[in-house]
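The following exercises are to be worked through with the sequence and the model at hand. Each task is followed by a solution in steps.

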Amino acid sequence: MYVSAERAKDTDRRVTTLSIFPVGQMLIFVLVTTLFFLWGMSNNLADILVQQFKKSFELSQFSAQLVQTANFLGYFCMAIPAALLMRRWGYKAGMVTGLILFGGGMILFWPAAVSGQYVLFLLALFAVGCGASMLETAANPFMAQFGSHQTSEPRIPMALRLHLLAYVQSSLNTAHRQMAFRVT
């Protein structure tokens, strides 16, 4: 994908095309945009968990909303430490740390499900929120700086389209599962 950039040289005008991402760097672009999909999917699934936990644990509406609170409290608590970590060690360290936190939070769902304790689910959601915050804090500026500054404007929305696609995909998955459970 290319964006035209015009340069004037005396009276001669030339048009050159600049790649949205550096040549030979498509794999890095795909991997980082996958992170946008990953945290978009988890944000939408948190909405769905509110209703599921409300039914499973027989919670009040207030208690069920702690799902969202735990997830976004992770965002709140981790944003500044993520920025400090990346200032010192760079975006790669931020993305790796974010994936470790995100993955660790996802793994915590298994012992929470085995024990059946709501508090453990909230702890897992907090860890997922921390990881997603770290990923988002690293991926957005990385995409802006990935390649020429003249092509950063189309690069970020391209990556964010996967974030939106994740919302749509998780909603479709949920609707499909709900229809399947009603039929059986």
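The exercises below concern a predicted model, and they proceed from the overall fold to individual residues.

**Exercise 1. Overall architecture**

Determine how many helices and strands the protein has, and in which pattern they follow one another along the sequence.

Solution.
Step 1. The count gives 6 helices and 2 strands.
Step 2. Read along the sequence, these elements follow the pattern β-β-α-α-α-α-α-α.
Step 3. Among contacts between residues at least 6 apart in sequence, 69% join residues at least 24 apart.
Step 4. The protein has 184 residues, of which 36% count as buried.
Step 5. About 11300 Å² is exposed by the protein, and carbon and sulfur atoms supply 67% of that area.

**Exercise 2. The cysteines**

Establish how many disulfides the structure holds, and explain why Cys 130 is not bonded to Cys 77.

Solution.
Step 1. A search of the whole structure finds 0 disulfides.
Step 2. For Cys 77, the nearest cysteine sulfur is that of Cys 130, 6.3 Å away.
Step 3. A disulfide requires the two sulfur atoms to lie within 2.5 Å.
Step 4. Because the sulfur of Cys 130 is 6.3 Å from that of Cys 77, the two are too far apart for a bond.
Step 5. The surroundings may be added: Cys 77 is partly exposed, with a relative accessible area of 38%, whereas Cys 130 is buried, at 5%.

**Exercise 3. Aromatic pairs**

Classify the ring pair of Phe 36 and Trp 39 as stacked, tilted or edge-to-face.

Solution.
Step 1. The structure holds 10 aromatic pairs.
Step 2. In the pair of Phe 36 and Trp 39, the ring centres are 4.7 Å apart and the planes stand at 35°.
Step 3. Planes under 30 degrees apart would count as stacked, and over 60 as edge-to-face.
Step 4. The angle of 35° fits neither class, and therefore the pair of Phe 36 and Trp 39 is tilted.
Step 5. Both residues lie in helix 1 (residues 26-56), 3 residues apart, which is about one turn of the helix.
Step 6. Phe 36 and Trp 39 are both buried.
Step 7. Elsewhere, ring pairs link Phe 53, Phe 57, Phe 109, Tyr 118 and Phe 121 into a cluster.

**Exercise 4. Gln 68**

Decide whether Gln 68 is buried or exposed, and name its contacts beyond its neighbours within four places in sequence.

Solution.
Step 1. Gln 68 is located in helix 3 (residues 66-89).
Step 2. The relative accessibility of Gln 68 is 15%, and residues under 20% are buried, so Gln 68 counts as buried.
Step 3. With those sequence neighbours left aside, Gln 68 is in contact with Ala 46, Asp 47 and Val 50.

**Exercise 5. Two residues of helix 5**

Describe the surroundings of Leu 123 and Pro 141.

Solution.
Step 1. Leu 123 belongs to helix 5 (residues 118-145), and Pro 141 is also found in helix 5.
Step 2. Leu 123 has a relative accessible area of 47% and is therefore partly exposed.
Step 3. Together with Leu 108 and Leu 120, Leu 123 forms a nonpolar surface patch with about 220 Å² of accessible area.
Step 4. Pro 141, at 26% relative accessibility, likewise counts as partly exposed.
Step 5. Apart from its neighbours within four places in sequence, Pro 141 is in contact with Tyr 91 and Glu 136.
Step 6. The C-alpha atoms of Pro 141 and Ile 156 are separated by 8.9 Å, the two residues being 15 residues apart along the chain.

Notes:
Residues are numbered from 1 along each chain as its sequence is written. This is a predicted model: local features need pLDDT of at least 70, side-chain atom pairs count only at pLDDT 80 or more; totals for chains, interfaces and linings use all residues. Side-chain values use heavy atoms; hydrogens and water are left out. Helices (H or I, at least four residues) and strands (E, at least two) are DSSP runs, numbered from the N terminus. Buried means under 20% relative accessible area, exposed over 50%, partly exposed in between (1.4 Å probe, protein chains only). Contact means heavy atoms within 4.5 Å. Patches are made of residues with over 30% relative accessible area and no salt bridge: like charges are joined within 9 Å, nonpolar side chains (Val, Leu, Ile, Met, Phe, Trp, Tyr) within 5 Å. Accessible areas come from the Shrake-Rupley method with a 1.4 Å probe; for residues, only the protein chains shown count as cover. A salt bridge is a side-chain nitrogen of Lys or Arg within 4 Å of a carboxyl oxygen of Asp or Glu. Rings of Phe, Tyr and Trp (its six-membered ring) pair if their centres lie within 6.5 Å; planes under 30 degrees apart count as stacked, over 60 as edge-to-face and the rest as tilted.
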